[in-house]
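Hi,

Here is the structure I promised to pass on. Have a look at it first, and my notes follow underneath.

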Amino acid sequence: MKNRIFIVIILIFSTLIFSNNTIFAQDNAPTYQSLMLLGDQEFQKEEYIKAKTYYQEALRLKKNDATANNKLNKTLQKIREQGEKEEKFYEIIDIADNHYDNNDYQKALTEYNKALKIFPKDSYTLDKIKQINDFLKNEKDKLDTFNELISSADNFKSQKKYAEALSNYEAALELYPSHSSANEKYKETKKLKEDYDKSISDFEQLKKEGYELSLRKKYGEALEKYNAALNIFPNDSDIQDIIKTLSIKKETSDKYNASIATADALYLEKSYEKARETYTQALTIIPNDSYSTDMIARIDEILNSAEYISLKKFHSIIEEAKSLEEKGENDAALAKYQSALKENPNDDFTINKINHLTEIITKRDKELELQAQYNALINKGDNAIKNEDLYTALEYYIKAIELIPNPTEAKEKRDVTEKKIKEFEAEMLLQKQKWEEYYTDAIKSAQSFMTQQNYVEAIKEYNIALRYKKEDPIATQGLEEATKLNEMRLNALAAEYNQLISNGDIQFESNNYDKAIEFYTKANALNTGNSYPSEMINKIGNILQANKLEELVSNKIEILSNTSKRFTFNPIDVTTRKNNYLLIKAKNLSEDSFTLYVAYGSKNGRSGSFILRIPNNQETNDYIVRIGSQYKWFSEDNTWIEVTPENGNLEIELMEITKSN
């Protein structure tokens, strides 16, 4: 703006100088009247600078002329007014140009129109207004197209036609690439399309899996797949119909399977009449089912067999034993089963029942023994209380708690004793400094024992700490945590140990020495200090060594990977075959673990097989397999055993066929 005013001033002075030179250059000196006339003419044409010059010259000729002075003052006023208009004009133009440069066309147009009111014929202003109007018209058309595309895309999006929506959003963004809302909608729709496509893929896969499972009559698993598909598209009527159909089939199948499970259990328990009745009930659910029909035929054959008829007394005793067992009279039931076994000495069911009840009774006796130890600790604690030896009493009560998880009596006595100890300690007057030292040492020791997971010692140290700082939150919290962890440890250890020993005893009594050794080894690894597992493992080893029937390998031999080695022997006495074990001592000579394939047979070909997993510990391991449990072993006169290490070299130190007692 200032530059424009400076130019105007220069033009004024230039005009003035030009006018004066022109006037003074005239050959004929102008008169007052001619100068006034020329001034009036220029004033009418709004050429105020020229008019001013003429009036000033007239005043030179006629000084202090009132008319010339009056017209000169009016002219100067017009010059001042015109300068102010130009200054205002260029101020507005500057503002308008700034808006124009910043692409704010509506504000620019407003300012240009303001400027045009000052100088209506200004070509620069008129040209700018035309440019803006042309641009706004084109922009309006572009914006209308953009809005139509966005509206169409929004409509497609609401209909989940994401591909069409994306196409329209992309076209809109070509018009306005930086439009934030359009960009957000495009990104959102793209994500929705990806999610929708994935949902379609997941839906079809679940339908396929559900269909395959339903063909295999796995109705429960099929329903899980179809319900998962329905979660994706809840309104799919086809899936809803399939689910209804499969639910009916599953309900029927479940009823049938439950009935079959009951019948099978009765059959295994040799309750043949009840089993036959239950199989018959199953046929009312799924008529003509081959399994139930076959089982009924098999039971009828058993019931009509001479052997079954001859063992009526045996079956009668068995039913009595079952009844006693159901009532929980295990000792009486065991006696009945033992009586039944005399009638039918080789009956596996009766033998298993005897072993099972023996295990229960043994466990009960162990629990009674544990209870007796518990009672003894309680008595010792009570005697210590009588002798006012509170700390010794507390130790006995804590040991009782450790022996039997969650014993109410021992906990109550412990709590009462701890209360008495607190009352006793409250009476003690020790120096505060020493108490703090004792407390600090006890806390450090307790925390160290906690780190070592030695919770028993930690409990003792926390209790010592509480003697010197009663109700201390650190010691109290530590004691609670140590007590809780110790109880958990003892509960878990005792439960796990007892379960393993129980399982091992069951397997041992059933002459399943391979399974028994597995359980005893796990029990031994718990480090409870009990020698029973080791004794039983040694006992089994001695039994198998003493009962050797055939020695297939006595000196070390190496068998290369994927190479078969066959060992022959005379047929085993048929009366011992069911109790036969295969004992192998072998070592992995390779870096990785592998599978050892073991087959057996006769001149007629292979009768059976099994596999052993050979670990990569490079140690000689014992493998005990109850080969007599395989039907083809005890039913056929097998004469060879063949071993094949798959993908690994093997060294066999010993291989024997042995038997249980």
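A word on the ground rules: this is a predicted model, where local features need pLDDT of at least 70, side-chain atom pairs count only at pLDDT 80 or more, and totals for chains, interfaces and linings use all residues. Residues are numbered from 1 along each chain as its sequence is written, and side-chain values use heavy atoms, with hydrogens and water left out.

Let's start with the helices. Helices (H or I, at least four residues) and strands (E, at least two) are DSSP runs, numbered from the N terminus. Helix 6 (residues 123-158) and helix 7 (residues 162-175) have axes that come within 8 Å and cross at roughly 160 degrees. Those axes are lines fitted to C-alpha atoms, for helices over the stretch in contact, and the angles run from 0 to 180 degrees between N-to-C directions. That makes helix 6 roughly antiparallel to helix 7 (under 35 degrees would be roughly parallel, over 145 is roughly antiparallel, 65 to 115 roughly perpendicular and the rest oblique). Their crossing is left-handed, meaning that the near helix is turned anticlockwise from the far one by less than a right angle; clockwise would be right-handed.

On the helix 6 side, the contact includes Phe-146, Leu-149 and Ile-150, and on the helix 7 side Tyr-162, Ala-165 and Tyr-169 are among the residues involved. Contact here means heavy atoms within 4.5 Å. The residues of this contact divide into eleven nonpolar, three polar and four charged. For that split, Ala, Val, Leu, Ile, Met, Phe, Trp, Tyr, Cys and Pro count as nonpolar, Asp, Glu, Lys and Arg as charged, and the others, Gly among them, as polar.

Further along the chain, helix 21 (residues 473-509) and helix 22 (residues 513-524) pack at an angle of about 160 degrees, with axes 8 Å apart. Helix 21 and helix 22 are therefore roughly antiparallel, and their crossing is left-handed. Tyr-497, Leu-500 and Phe-508 are among the helix 21 residues that meet helix 22, whose own contributions include Tyr-513, Phe-519 and Tyr-520. This contact divides into nine nonpolar, three polar and three charged residues.

Now the strands. One open sheet has four strands in the order 3-8-5-6, paired antiparallel; two strands pair if DSSP finds at least two bridges between them. Strand 3 (565-568) and strand 6 (605-614) stand at the edges with a single partner each, so one side of each has no neighbour in the sheet. Neighbouring strands are turned by 20 degrees against each other on average, direction ignored. Within this sheet, strand 5 (residues 594-602) and strand 8 (residues 640-646) pair over seven bridges, and Leu-596 has Pro-645 in strand 8 as its bridge partner.

Strand 9 is worth a look too. It is antiparallel to strand 4 (residues 580-588) over nine bridges, to strand 1 (residues 550-553) over three and to strand 2 (residues 557-559) over three. Ile-657 of strand 9 is the bridge partner of Glu-550 and also stands opposite Leu-582. Eight of the ten residues in strand 9 are buried, which is to say under 20% relative accessible area (exposed is over 50%, partly exposed in between; 1.4 Å probe, protein chains only).

And which residues does Ser-660 touch? Ser-660 sits in the segment after strand 9 (650-659) and, at 4% relative accessibility, counts as buried. Leaving aside neighbours within four places in sequence, Ser-660 contacts Asn-511, Tyr-513, Asn-547, Asn-579 and Tyr-581.

Cheers
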